Amino acid sequence: MVYRIAVFEGDGIGPEIMAPTLEVLDTVLAKLGRDLLDYTMLPAGAAHYKNTGEALPTASIEAARASDAILLSAMGLPDIRKPDGTEITPQIELRFALNLYAGVRPIRVFPGQSIPLSDPRARDMDFVLVRESTEGLFAHMNEGVIHGQEAATETLRITRATSEKLFDFSFRLAERRAKAKGRRGRVTCVDKANVFRAFWFFRSIFEERARAFPELVTDTAYVDAMAMWMVQRPWEFDVMVTENMFGDILSDLAAGLVGSLGLAPSADIGDDAAVFQPCHGSAPDIAGHGVANPLAMILSAAMMLDWLGAEQQDDALIQGGAMIEDAVSVVLSDATHLTGDLGGQATTGDCAGAVIAALKSA
């Protein structure tokens, strides 16, 4: 079977990291001896908005909806904005259009990888932050009101229907991780339930749904405390689930723990579709210089293969995802092919080429 992959090249460094990622995927397929993926390039982004007045064409949304998975590179440019002053964010619009409620941000340390934390226990860091992606403060992101020059208001929205799906997704993820690692799984709800009624509602739903997963350890934490604990003892956590804005902030903190957003892949997953993209932005300041780190994009493609393989019960795809992760691990263990954000001097092509070489020699 051939799977249809919708591809958004993005803005800024987006096309520079997407091209080698597709080469990595093609290398994996050749290694597996199977022609599994059919790419469709779709228009969207800030540059497209500048040229057409449209950031995410309806045709692109429908083509993405009809695909088996969506691969999306960094989008948006700070100097291209909508009339209300906000940036172009088609990646967020796509989450709403396809109801991609579970934002999955895995954080792990690869063997031999250099990390900022000196505590040797930090090398055991391996957790997943699950960020609700369609509600919270983002639910009404285009509806904020400025009252003259005196005040501004935004609305936070949390619903039972979405929260239940989010928590069940997180619990099932923890079950899969526990099975793979041979230990009991843990899910931590991160909120601000001591101050806001909406977050008390959020936490109460978490505790209700947790009763259906008695084999898991479940607990709760306030977001400010969690930000501290993630730095002090990140190796203790397994799956963390939180509201949209809190997840947006904590996922960047988590990336800092492993050294760079250039190592932070992500997925936004719903009941019927999934988007895979790097956590970082379009970095227009380095666009065109050939120095962007492609590894977050490449690792996002590995996540795509793993998810698609599980959804389609295709072990070859799952194997391909693992092969990419192993190749990235080889690259990270040798400073020769690291880009500037990781303390090296390699170009985007050098880094991606090293991943491809590791795949071919495995």
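This short presentation describes the overall build of one protein model and then several of its buried residues.

Good morning, colleagues. Please keep in mind throughout that the model is predicted.

I begin with the overall architecture. The protein contains 11 helices and 12 strands. Its radius of gyration is 20 Å, close to the 21 Å that the globule rule gives for 362 residues, so the protein is as compact as a globular protein of that length. Measured out along the principal axes, the C-alpha trace spans about 55 × 50 × 40 Å.

How much of the chain is buried? Of the 362 residues, 52% are buried. As for the contacts between residues at least 6 apart in sequence, 75% of them join residues at least 24 apart. The surface that the protein exposes comes to about 15600 Å², and carbon and sulfur atoms supply 52% of that area. Turning to charge, there are 31 positive and 49 negative side chains, and the centres of these two sets lie 6 Å apart.

I now move to the aromatic residues. The whole structure holds 8 aromatic pairs. One of the pairs joins phenylalanine 167 and phenylalanine 206; the ring centres are 5.3 Å apart and the planes stand at 75°, so this pair is edge-to-face. Which helices does this pair connect? Phenylalanine 167 belongs to helix H5 and phenylalanine 206 to helix H6, which covers residues 197-210, so the pair ties together parts that are 39 residues apart in sequence. Both phenylalanine 167 and phenylalanine 206 are buried.

The rings of phenylalanine 199 and phenylalanine 246 are arranged with their centres 4.9 Å apart and their planes at 20°; planes under 30 degrees apart count as stacked, and the pair is therefore stacked. Phenylalanine 199 lies in helix H6 and phenylalanine 246 in helix H8, residues 244-257, so here the pair ties together parts that are 47 residues apart in sequence. Phenylalanine 199 and phenylalanine 246 are both buried.

These four phenylalanines belong to one aromatic cluster, formed by Phe167, Phe171, Phe196, Phe199, Phe202, Phe206, Phe213 and Phe246.

A member of this cluster, Phe213, leads us to aspartate 168. Aspartate 168 sits in helix H5, which runs through residues 160-181. Is aspartate 168 buried or exposed? Its relative accessibility is 13%, and aspartate 168 therefore counts as buried. With neighbours within four places in sequence left aside, aspartate 168 is in contact with Arg209 and Phe213. The C-alpha atoms of aspartate 168 and alanine 210 lie 8.2 Å apart in space, although the two residues are 42 apart in sequence.

Next, I turn to isoleucine 61, which is placed in helix H3, residues 58-66. Isoleucine 61 has a relative accessibility of 15%, and so counts as buried. What does isoleucine 61 contact, leaving aside its neighbours within four places in sequence? The residues in contact are Leu56, Leu94 and Ala97. From isoleucine 61 to alanine 97 the C-alpha to C-alpha distance is 7.5 Å, with their positions 36 residues apart in sequence.

My final residue is serine 329, located in helix H10, residues 315-332. Serine 329 counts as buried because its relative accessibility is 13%. Apart from residues up to four places away in sequence, serine 329 touches Phe110 and Pro111.

To close, I return to the aromatic pairs: phenylalanine 167 with phenylalanine 206 links helix H5 to helix H6, and phenylalanine 199 with phenylalanine 246 links helix H6 to helix H8. Thank you for your attention.

Note on methods: Residues numbered from 1 in each chain as written. Predicted model: local features only at pLDDT ≥ 70, side-chain atom pairs only at ≥ 80, totals over all residues. Heavy atoms only, no water. Helix = DSSP H or I, 4+ residues; strand = E, 2+ residues; numbered from the N terminus. Rg over C-alpha atoms; globule rule 2.2 N^0.38 Å. Buried < 20%, exposed > 50% of the residue type's maximum accessible area, 1.4 Å probe, protein only. Contact = heavy atoms within 4.5 Å. Areas by Shrake-Rupley, 256 points an atom, 1.4 Å probe, with all protein chains shown as cover. Lys, Arg positive; Asp, Glu negative; His and termini not counted. Charge placed at Lys NZ, Arg CZ, Asp CG, Glu CD. Phe/Tyr/Trp six-rings, centres within 6.5 Å; stacked < 30°, edge-to-face > 60°.
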